Amino acid sequence: QLTFKQYYPWAVFPGSAGTEPDGNLKAKGDGFGFGGNLGITWQVADHQRLALTVRTPIKVNYDGDFTIDNITPTASGFGVTPRSDFDTSIKFPTIIAAGYGIELSDKVRIEVAGEWLQFSNFKSLEIGAGKNAVLLPSSTIPENWKDTFTVGIGGDWKFAKDWTLRFGYQFYESPVPDQTMSPTIPDANQNVFTIGLAYRHGRHAFEAGYGLDFYDERKISNNLNPAFNGTYNMTVHLFSAAYRLDF
């Protein structure tokens, strides 16, 4: 499922007085894609393993609705309606990954891993807005993403009976160039620190985790859309909880 949300300033619309409240654009659609995964694991030595995986690219065609509110009389005269059809397609990247894990003892495990992602196949985003296409400067939004990589390290420590502490660090290189960076898909290089706690007793297991995702500050001055130039700062907090029952 894919959802885009953005304010629309009617002041930029031909003939608008510029005093109307902004419109709220929302494009929402869903679709399906199919691909394949291949993996192989090699036990290099006792308590050591090397794993390689490949995921094929996946193309998803999305269909749904394009909605907008606060439509001005001027925009309505141009045929703008509260709802129209929405469609687009996205090709998700080929991913090649490798990981190496080692058991340092019967209580401590460590793994390092990395991925290469072929984001360069995301060259443009087609936005089909039906009757409301008049609101868009173009039905094709250039993206020109670049190939990128991630690297990380993680581990766990069985510090007591039934209890395990997990930890990790991951670096994500952003595939989005300054020229096409957009608040619709904000992105930057990321440093992610995670910690988790697991409890397992008999057939029951509980896990909880927390991640702190620091995005690098981005200062954009050469964007294709001058309205998107500026300084971007983002921090994301990630929380997870899980319960498992073995039958």
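Where is Ala205 found? In this predicted model, Ala205 sits in strand β14, and that strand makes a good place to start our walk. With a relative accessible area of 5%, Ala205 falls below the 20% cut-off and therefore counts as buried. Setting aside residues up to four places away in sequence, Ala205 touches Tyr199, Arg200, Ala242, Tyr243 and Arg244. For a sense of scale, try finding Phe86 as well: Ala205 and Phe86 are 119 residues apart in sequence, and their C-alpha atoms are 43 Å apart in space.

Stay with β14, which covers residues 204–215, and you will come to Asp213. Asp213 is buried yet has no salt bridge. The nearest side chain of opposite charge belongs to Arg218, 13 Å away, whereas a salt bridge needs nitrogen and oxygen within 4 Å. What does Asp213 contact, leaving aside its neighbours within four places in sequence? The list is Gln190, Asn191, Val192, Met234, Thr235 and Val236.

Other charged residues do find partners. Side chains of opposite charge can pair when their charged atoms come close. Here the count comes to nine salt bridges. One of them joins Arg166 and Asp156, with 3.2 Å from N to O. Arg166 lies in strand β12 (residues 163–172) and Asp156 in strand β11, so this pair ties together parts that are 10 residues apart in sequence. Its two ends differ in accessibility: Arg166 is partly exposed at 29%, while Asp156 is buried at 6%. Both residues also belong to a network of salt bridges that links Arg109, Asp156, Arg166 and Glu207.

Two further pairs are worth a look. Arg83 forms a salt bridge with Asp85, the closest N and O atoms being 3.2 Å apart. Arg83 is partly exposed, with a relative accessible area of 41%, and Asp85 is partly exposed too, at 47%. Arg244, which we met as a contact of Ala205, pairs with Asp246 at 3.6 Å from N to O. Again both partners are partly exposed, Asp246 at 25% and Arg244 at 37%.

Now let us turn to the backbone. Most residues other than glycine have a negative phi. Asn70 has a positive phi of about 55 degrees although it is not a glycine. You can find Asn70 in the loop between β5 (58–67) and α1 (73–77), where it is partly exposed at 37% relative accessibility. Asn144 also has a positive phi, near 55 degrees. Asn144 lies in the loop between β10 and β11 and is partly exposed, with a relative accessible area of 47%.

Finally, consider the empty space. Rolling a probe the size of a water molecule over the atoms shows where such space is left. The largest pocket has a volume of about 980 Å³. Of its 36 lining residues, the closest to the centre are Gln6, Pro137, Ile141, Asn225 and Phe228. Strands β1 (2–8), β2 (23–30) and β10 (140–142) each supply at least two residues of this lining, and the largest share, five residues, comes from β1. By class, the lining holds 24 nonpolar, nine polar and three charged residues.

The second largest pocket holds about 470 Å³ of space. Among the 24 residues that line this pocket, Phe119, Trp145, Pro175, Ile185 and Asp187 are the closest to its centre. Strands β1, β6 (83–92) and β11 (148–160) give two or more residues each to this second lining, which divides into 17 nonpolar, four polar and three charged residues.

Notes: Residues are numbered from 1 along each chain as its sequence is written. This is a predicted model: local features need pLDDT of at least 70, side-chain atom pairs count only at pLDDT 80 or more; totals for chains, interfaces and linings use all residues. Side-chain values use heavy atoms; hydrogens and water are left out. On a 1 Å grid over the protein atoms alone, a cavity is a set of points where a 1.4 Å probe fits but cannot get out, and a pocket is an open set with protein on both sides within 12 Å along at least five of seven lines; lining residues have an atom within 4 Å of a point. Grid points are joined across faces, edges and corners, and a volume is the space filled by probe spheres set on the points. Helices (H or I, at least four residues) and strands (E, at least two) are DSSP runs, numbered from the N terminus. Ala, Val, Leu, Ile, Met, Phe, Trp, Tyr, Cys and Pro count as nonpolar, Asp, Glu, Lys and Arg as charged, and the others, Gly among them, as polar. Buried means under 20% relative accessible area, exposed over 50%, partly exposed in between (1.4 Å probe, protein chains only). Lys and Arg count as positive and Asp and Glu as negative; His and the chain ends are not counted. Contact means heavy atoms within 4.5 Å.
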